[in-house]
Amino acid sequence: MEDQKRINSAEAFNIAQTFPIEPMFNKVIVTLNKEEVDHYLVLSDNIMSEEQYVVAFGQHVHNIALGDKVLLDIEKMMSKEINPENQDEYITRIKIDPITVDGNMYALIEDRFIKAKYKN
């Protein structure tokens with residue numbers, strides 16, 4: 001799989017205008033931008049940024065607009081699993097429902113994982 005493209009607010013809003021999937025109920029589809037440190041992209045496949053952009057949401061989601069920059073509760077999204085290679089060790093992973101559209105991957109999450117949104 002090729003490297004995930006980092007999406008900004010304007011791009012997220014443009015993507016949202018023609019996004020082909022509409023989530024149900026309280027689900028939200030957000031970008032999957034990786035963490036940046038001092039404006040440099042962290043070159044690790046497992047560093048998801050807590051700041052993401054909304055590209056679609058269900059009819060029971062309120063106070064969110066397309067293209068909004070939101071702050072996710074990454075800790076609530078994590079699940080602990082036993083390491084298959086070492087039964088005495090646990091692995092912590094971010095649990096999301098991935099969706100691929102036009103070669104870009106997005107995450108389908110519940111709105112309860114959104115802690116806050118940034119003011120425009």
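This briefing walks through the structure above, topic by topic. The model is predicted. The protein chain has 120 residues, and buried residues make up 34% of them. Its secondary structure comes to 2 helices and 10 strands. An open sheet of 6 strands, two separate nonpolar cores and an aromatic pair are among the topics below.

**Overall layout**

- Along the sequence, the elements follow the pattern α-β-β-β-β-β-α-β-β-β-β-β.
- Take the contacts in the protein chain with a separation of 6 or more: residues 24 or more positions apart account for 59% of them.

**The open sheet**

- The strand order in the sheet is β8-β9-β1-β4-β5-β10, and the pairing is antiparallel.
- Strands β8 (97-101) and β10 (114-117) are the edges, and each pairs on one side only.
- From one strand to the next, the twist averages 45°.
- Side chains in a regular strand alternate between the two faces of the sheet.

**Strand β1 and its two partners**

- Which strands flank β1 in the sheet order? They are β9 and β4.
- β1 is joined to β9 by 5 bridges, in the antiparallel sense.
- The link from β1 to β4 is also antiparallel and has 3 bridges.
- V30 has a bridge partner in each of these strands: A107 in β9 and V54 in β4.
- Is β1 largely enclosed or not? Of its 5 residues, 4 are buried, so the rest of the structure largely encloses it.

**Towards the two edges**

- On one side, β8 and β9 run antiparallel and are joined by 5 bridges.
- D97 stands opposite L108 of β9.
- β8 and β9 form a hairpin, with 2 residues between the strands.
- D102 lies in that turn and has a positive phi of about 50°.
- At the other edge, 3 bridges join β5 (residues 69-72) to β10, again antiparallel.
- L72 has I114 as its bridge partner in β10.

**Helix α1 over the sheet**

- Helix α1 covers residues 9-17 and lies across β4 (51-57) and β9 (104-110).
- The helix runs at about 15° to β4.

**Nonpolar cores**

- Nonpolar side chains tend to be buried together in soluble globular proteins.
- The largest nonpolar core here has 15 residues.
- Which residues have the most contacts inside this core? They are V28, V30, V70, L72, M77, I109 and I114.
- β1, β5, α2 (74-77) and β9 each give two or more residues to this core.
- V28 touches residues including P23, V54, A56, F57 and V61, leaving out those up to four places away in sequence.
- Also among the contacts of V28 are A107, L108, I109, D111 and I114.
- A second core is separate and has 11 residues, among them A12, I29, A56 and Y106.

**Aromatic rings and charges**

- How many aromatic pairs does the structure hold? It holds 1.
- The pair is F19 with Y106, in an edge-to-face arrangement.
- Their ring centres are 5.2 Å apart, and the planes make an angle of 85°.
- F19 sits in the loop between α1 and β1 (27-31), and Y106 in strand β9, so the pair ties together parts 87 residues apart in sequence.
- Is F19 buried or exposed? Its relative accessibility is 11%, so it counts as buried.
- Y106 is buried as well, with a relative accessible area of 2%.
- K69 lies over the face of Y118, 4.8 Å from the ring centre.
- K80 places its charged end over the ring of Y90, at 5.5 Å from the centre.

**A look at T92**

- Where does T92 lie? It is in strand β7, residues 86-94.
- T92 has a relative accessible area of 47%, so it counts as partly exposed.
- M78, S79 and K80 are in contact with T92, leaving aside neighbours within four places in sequence.
- From T92 to E75, the C-alpha to C-alpha distance is 9.9 Å, and the two are 17 residues apart in sequence.

Terms used
Residues are numbered from 1 along each chain as its sequence is written. This is a predicted model: local features need pLDDT of at least 70, side-chain atom pairs count only at pLDDT 80 or more; totals for chains, interfaces and linings use all residues. Side-chain values use heavy atoms; hydrogens and water are left out. Two strands pair if DSSP finds at least two bridges between them. Axes are lines fitted to C-alpha atoms, for helices over the stretch in contact, and angles run from 0 to 180 degrees between N-to-C directions. Contact means heavy atoms within 4.5 Å. Rings of Phe, Tyr and Trp (its six-membered ring) pair if their centres lie within 6.5 Å; planes under 30 degrees apart count as stacked, over 60 as edge-to-face and the rest as tilted. Buried means under 20% relative accessible area, exposed over 50%, partly exposed in between (1.4 Å probe, protein chains only). A charge sits over a ring if NZ of Lys or CZ of Arg is within 6 Å of the ring centre and within 35 degrees of the ring normal. A nonpolar core is a set of buried Ala, Val, Leu, Ile, Met, Phe, Trp, Tyr and Cys residues joined through side-chain atoms within 4.5 Å.
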